[in-house]
Amino acid sequence: MVMSPELDRATVLRDEAAAAGHLARICFKTGPPALTGVELEWTVHDAADPARPIDRARLRRALGGHCPVTIDPTSPARRLRHGGTVTVEPGGQVEISSAPRPSIAALIRATEADVAELVTALDAAGLVLGRTGMDPWRVPNPVVETPRYQAMRCVFDRRGAAGRVMMYSTAGLQVCLDAGEPDRLAQRWAAAHAVGPPLLAAFATADRYAGRCTGWASARMAAWLAIDPARTRPVWSPARPDHDPVAAWTEYALAAPLLCVRGGPDWTPPAGVTFADWLAGALPRPPTSDDLEYHVSTLFPPVRPRGYLEIRYLDAQPGRQWRLPLAVLAALFAAPATTREALTVAAPVADRWYAAARYGLADRPLAGAAVALFELALGALPGLDLPAGIHEEASREIRRRRAAAEGRHR
């Protein structure tokens, strides 16, 4: 058997112990929290007719030199002026991944500038960014076709329509936080999960889809929950609150079925084969460290360790409102004492993912937890050293959201 040059450069993994060691090295890089990043994703619409499908050629022209190679192999794929990287998702959703910054104020300023640059480019092409976590006008429509996305669609179709809805019709907001020092890792890991249901409920925007009201506060999260629990359920659970993060993630990753096996025109894997099965000889060649890293990129839990903690459970927000959940999360994780309190108040609702997606803050336990988290965030907000204008705006909006949640809780 002749292996590709990429495989030659990677380490062949012979057993689960080798895979576990590699995951520990790449997925949890500990140290004093220093950097924060944000990833903003939007559906894209024709400015005159938001229900009109958007094709790949139109997006390619609009994005120009920032276009990713997935829709233009000849593109230089330049970063935006302030360091953000532009990607295009399977349904034509556009995403900016910020360069991480040591200050929330610097992150907000740089990201706002990159968003403005993107908006200007899209505006010249008659395109606008969506304002919610779900396409409110259109049914799923493939825009970007790659071997990865084709394999994803094939695997997801085995379980129903939710995979296509997720791939082609959803848009999220991701906040990226450092994993923290070794003695704080478990607490930050648990808190990042526990605050998820109340914050998902508080910032849900995806109640409409394809021209109708869905009956969900976040139909986006409903789609994620319906895909495949082996790759979308939370890694941390209040049922096992003290489970070591590295061990929990290793178990999760090795037990998850393969979504792609790279090589040739068709990357679709045999049904039901997990990475552990691959290590045990289920496929013609042994997996490599590169295969393992690619495999974990196809796992989509609400919090995913990527050397840092990638918080994935928030819906896209309208306009500049993405700054608020970013500020809330940054405030909750700014100091160990605040993070510990956030975990304490959120732990009783930490398993209410379905309720958060279905009912939002109409679920009283989630509304109560959201009130407490907003109160904590308000107290910690001065420590973020935000410019006066942004601080005042964030404080005002957190108080408004807290009052709304308190009204639901009564």
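**Exercise 1. Find out why helix 13 is described as largely enclosed by the rest of the structure.**

Solution. Start with the ground rules: this is a predicted model, where local features need pLDDT of at least 70 and side-chain atom pairs need pLDDT 80 or more, while totals for chains, interfaces and linings use all residues. Residues are numbered from 1 along each chain as its sequence is written, and side-chain values use heavy atoms, with hydrogens and water left out.

Step 1: locate the helix. Helix 13 covers residues 289–296. (Helices are DSSP runs of H or I with at least four residues, strands are runs of E with at least two, and both are numbered from the N terminus.)

Step 2: check burial. Buried means under 20% relative accessible area, exposed means over 50%, and partly exposed lies in between, using a 1.4 Å probe and protein chains only. By that rule S289, D291, L292, Y294, H295 and V296 are buried.

Step 3: conclude. Six of the eight residues are buried, so helix 13 is largely enclosed by the rest of the structure.

**Exercise 2. Work out which residue pairs with D291 in a salt bridge, and where that partner sits.**

Solution. Step 1: recall the idea. Side chains of opposite charge can pair when their charged atoms come close. Here, a salt bridge is a side-chain nitrogen of Lys or Arg within 4 Å of a carboxyl oxygen of Asp or Glu.

Step 2: name the partner. D291 pairs with R262, and their closest N and O atoms are 3.3 Å apart. This links distant parts of the chain: D291 is in helix 13, R262 is in the loop between helix 11 (245–255) and helix 12 (275–279), and the two are 29 residues apart.

Step 3: compare surroundings. D291 is buried at 4% relative accessible area, whereas R262 is partly exposed at 27%.

**Exercise 3. Describe the salt bridges of R153 and R306, saying whether each residue is buried or partly exposed.**

Solution. Step 1: take R153. Its salt bridge goes to E145, with the closest N and O atoms 3.0 Å apart. R153 is buried at 15%, and E145 is partly exposed at 32%.

Step 2: take R306. Its side chain meets that of E310 in a salt bridge of 2.9 Å, N to O. This time R306 is partly exposed at 41%, while E310 is buried at 0%.

Step 3: zoom out. E112, R320, R323 and E393 are joined into one network by salt bridges that share partners. The whole structure has 23 salt bridges.

**Exercise 4. Trace how strand 4 pairs with strand 3 and strand 1.**

Solution. Step 1: pair strand 3 (residues 85–88) with strand 4 (residues 94–97). They run antiparallel over four bridges; two strands count as paired if DSSP finds at least two bridges between them. V86 is matched with I96, and V88 with V94.

Step 2: look at the turn. The hairpin has five residues between the strands, and G92 takes a positive phi near 90° there.

Step 3: add strand 1 (residues 36–42). Strand 1 also pairs with strand 4 in the antiparallel sense over four bridges, and E41 has E95 as its bridge partner.

Step 4: check the faces. Strand 3 has V86 and V88 on a covered face and T85 and T87 on an uncovered one. In strand 4, V94 and I96 point one way, E95 and S97 the other, and all are buried.
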